[in-house]
There are 2 protein chains.
Amino acid sequence: MDRTLTDHPLVTRAAALDAEHAGVDRRSAFTLPHGVVYLDGNSLGALPRAVADVVADVVTRQWGERLIQSWNESDWWGAPERVGDRIGALVGAAAGQTVVTDSTSANLFKVFVAASRMQPWRTRVLVDPDSFPTDLYVLESAARLAGFTVEQIHPGRAPERIAQLGDKLALVVYSSVDYRTGELWDLPGITRAAHAVGAFALWDLCHSAGVLDLQLDRDGCDFAVGCGYKYLNGGPGAPAYVYVRTEHLEGFHNPVSGWHGHARPFGMEREYDPAPSISRARSGTAPMISLLALEAALTAYDGLEVTAVRSRSLSLTAFFVECLGALALDLPVATPMEGGRRGSQVSLRHPRAYAVVQALIARGVVGDFREPDIIRLGFAPLYVSHADCLRAAQQLALVIDEKEDERGEFAQRAQVT
Amino acid sequence: MDRTLTDHPLVTRAAALDAEHAGVDRRSAFTLPHGVVYLDGNSLGALPRAVADVVADVVTRQWGERLIQSWNESDWWGAPERVGDRIGALVGAAAGQTVVTDSTSANLFKVFVAASRMQPWRTRVLVDPDSFPTDLYVLESAARLAGFTVEQIHPGRAPERIAQLGDKLALVVYSSVDYRTGELWDLPGITRAAHAVGAFALWDLCHSAGVLDLQLDRDGCDFAVGCGYKYLNGGPGAPAYVYVRTEHLEGFHNPVSGWHGHARPFGMEREYDPAPSISRARSGTAPMISLLALEAALTAYDGLEVTAVRSRSLSLTAFFVECLGALALDLPVATPMEGGRRGSQVSLRHPRAYAVVQALIARGVVGDFREPDIIRLGFAPLYVSHADCLRAAQQLALVIDEKEDERGEFAQRAQVT
């Protein structure tokens, strides 16, 4: 079979699909190295063009020239809520429920402890054993402090276990999309199941915000957290966010009760009086350069509907797998192929996955490796095209051919995300 | 009296003092607006010239071109410890005990909870009622979670109360320098008193790191936290840091146990196993643009000895008060004039302090207001000169004269720091 695919019907099909989903194409709003197919936007989003000028202005003019006055003049003070609302709009959250603050790890801790205080007589918590590990680590620690017990239950079995636990259950904590396999979990269904026994649902949106058509308000989501540096393209370590449903705001008691969450932070009062708004989820002073980089990055989403973004995302991942088939590449696909069960990535299994990923990177297709055998490819719908999918599949086929010809062992070492 | 001070002996004296302390003059390493005397570096440090280029490189090349590879290539992963050690060198901490992470508020929470676990049978904590309020808010919250009791005791009375509490006492939490009055507290003495009863000392260095000749290791300090955006000039909301004395590292259990504090973060293990090093004080992914801006900013300290910085700082504040005297300005000085009891600021009291500060700013002398009646002036020894001190005193005298001639009321509103 001709794996170079010149003149293949898939070339024409890629062009047709790119035309069909052109409304979401924001490639020109990003800077990406020439010749690179970047399928790692689920680890670190690409650089939106708008960021560099904004950051230069923040450093040189706002900080350098206007100094302390910028807290008011440039409304640094209001940035966490302003950017929070912008993210809220991408996840189906009306204004006033989302704030940018701290890291996802710190926010999981804060939200867990706050939620545990709402119904302290319920002491059981469910979490996915395949969560991104920080979720497991932080929740175990927070639960110990709160006197709660965490039980690891796969999301597919969550509704059954929720019903069994009944009024012992305080909270379920799940990721909307599995970080390794890309499987999309049933946020509305698991949330409903939790509510049916009077428990709350906290969702980790790290791998879904900006690529799914999330509807947190509509689906009754109680709390959510997520990072700013994956599909939101906020830059390395961009600040994270917290969503607290309006009806829970009054009862939300942030354990990291820093002055930025106070109702009158400049009153310099001795007693903590939480802000009546989502601001109470703030703690200390936010890293403003990184936060305003995130704000600039989010302009790449201006004018886009999340349903259109989701549609292009599904088309990209489906087309990529179609290309694998056409190339007779029969690597096991860890990601469900039903659209309703798939995030914005395709994960493939290979016994030498690490070496395959390195060889792909050398060929200009950037994905990443995840323990133990996952080739993880993320499809950021704003800057990845169907033509990119085809090229990635083709390069992968060439790499697999090479690997099958080799007999050497590939050193495996920790790879950074 | 001639308040314009042309040809006054103080002009000559300012020049002589600037010559004497010229070794610490790094004014050319900072960008400051022309004609401004910036006495607010204790709120937001001025912009070091090195920052803009570094930030542009981080955004455009490291993030934009090298993307995910920069985590290894540019050692983003090691930046928290690398920058931590640089700060450690400024506060008398040998390498491996200081890490940049989160905000001061979050770090206070983390360190308090970790410290509370070391001797859980001791449940009493002392804190200064005049602490920056976030310290009070966060410690109260953390103490509630840990089942501890916080008692507010002025640092001047701390040794006596420490002795009374004896083996009930777990921890004392004090600021090295009072954020309003600029009073310097006896870190070595209070730490010794805590140790004498077997308790630990946690110091907040926000208003002292970079201007005092702190010696955390020598003085037996157990834990410390501080921010990056005051005298360290890391930019608005720059990430904060944690110091944990080597002997406490093994017993330090960070409650916000995110994956960045794991011994093998890329092992993606289900159990949290804290790094054997100071890295265990990390939580989530650090805001890298802000963190690397801080790293660039710290180069302004290259080649400086903290003892020389401290000496210039004391000279600046003493000279400023001398100028007030020469100008017959008899505002009450809230800051102790004994060198051993003074940080790097001079705080003056005035019933219309807010209006005075605003009028000073209009005249190009930037300080800030603190409730209820404090005109707070910070003297960053790297970029403030004795000539600046004289000019500030002179402008203050003119403002006070004006205010005395006025009979209007000045609207007071919250001012941002």
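Trainee: How many residues of chain A are in contact with residues of chain B, and what makes two residues count as being in contact?
Mentor: In chain A, 74 residues are in contact with 72 residues of chain B. The criterion is that their C-beta atoms, placed from the backbone, lie within 7 Å. The model is a predicted one, in which local features need pLDDT of at least 70, side-chain atom pairs count only at pLDDT 80 or more, and totals for chains, interfaces and linings use all residues. Residues are numbered from 1 along each chain as its sequence is written, while chains are lettered from A and ligands numbered from 1 in the order in which they are written.

Trainee: Which elements give two or more residues to the side of chain A that touches chain B?
Mentor: They are helices H2 (50-63), H3 (70-73), H5 (104-116), H6 (133-146) and H10 (288-298), together with strand E13 (368-370), of chain A. These names denote DSSP runs numbered from the N terminus: helices (H or I) have at least four residues and strands (E) at least two. H6(A) provides the largest share of this side, 8 residues.

Trainee: What is the make-up, by class, of the side of chain A that touches chain B?
Mentor: That side has 43 nonpolar, 22 polar and 9 charged residues. Ala, Val, Leu, Ile, Met, Phe, Trp, Tyr, Cys and Pro count as nonpolar, Asp, Glu, Lys and Arg as charged, and the others, Gly among them, as polar.

Trainee: How do you know that the two copies are related as by a two-fold rotation axis?
Mentor: A turn of 180° and a shift of 0.0 Å along the axis lay chain A on chain B with an RMSD of 0.0 Å. The two copies are therefore related as by a two-fold rotation axis. The superposition is by least squares on the C-alpha atoms of residues with pLDDT of at least 70 in both copies. In chain A, the C-alpha nearest the axis belongs to A:Ser290, at 2.8 Å from it.

Trainee: Why is it said that the copies meet through the same surface?
Mentor: Of the interface residues of chain A, 97% are also interface residues in chain B, so the copies meet through the same surface.

Trainee: What are the confidence scores of the model and of chain A?
Mentor: The model scores ipTM 0.95 and pTM 0.96. Chain A averages a pLDDT of 95, with 96% of the residues scoring at least 70; pLDDT is the predictor's confidence in each residue, from 0 to 100. Over residues 407-417 of chain A, however, pLDDT stays under 50, and the model has 16 contacts beyond four places in sequence for that stretch.

Trainee: How is chain A divided into domains?
Mentor: Domain 1 covers 9-31 + 304-405 and domain 2 covers 51-301, with bounds that come from an automatic or database domain assignment. Their centres, taken over C-alpha atoms, are 29 Å apart. The contact takes 25 residues from domain 1 and 15 residues from domain 2 of chain A. On the side of domain 1 that touches domain 2, the largest share, 5 residues, comes from H11(A).

Trainee: What makes H7(B) roughly parallel to H8(B)?
Mentor: Helix H7 (residues 158-165) and helix H8 (residues 187-196) of chain B pack at an angle of about 5°, with axes 9 Å apart. Axes are lines fitted to C-alpha atoms, for helices over the stretch in contact, and angles run from 0 to 180 degrees between N-to-C directions. Angles under 35 degrees count as roughly parallel, over 145 as roughly antiparallel, 65 to 115 as roughly perpendicular and the rest as oblique. H7(B) is therefore roughly parallel to H8(B). Among the residues that meet are B:Ala158 and B:Ile162 in H7(B) and B:Ile190 and B:Ala193 in H8(B).

Trainee: Why are the peptide bond from B:Glu371 to B:Pro372 and the phi of B:Asp75 worth pointing out?
Mentor: Most residues other than glycine have a negative phi, and most peptide bonds are trans. The bond from B:Glu371 to B:Pro372 is cis, with omega near -5°, and B:Pro372 lies in the loop between strands E13 (368-370) and E14 (374-378) of chain B. A cis peptide bond also joins A:Glu371 and A:Pro372, with omega about 0°. B:Asp75 has a positive phi of about 45° although it is not a glycine; its place is the loop between helices H3 (70-73) and H4 (79-90) of chain B.
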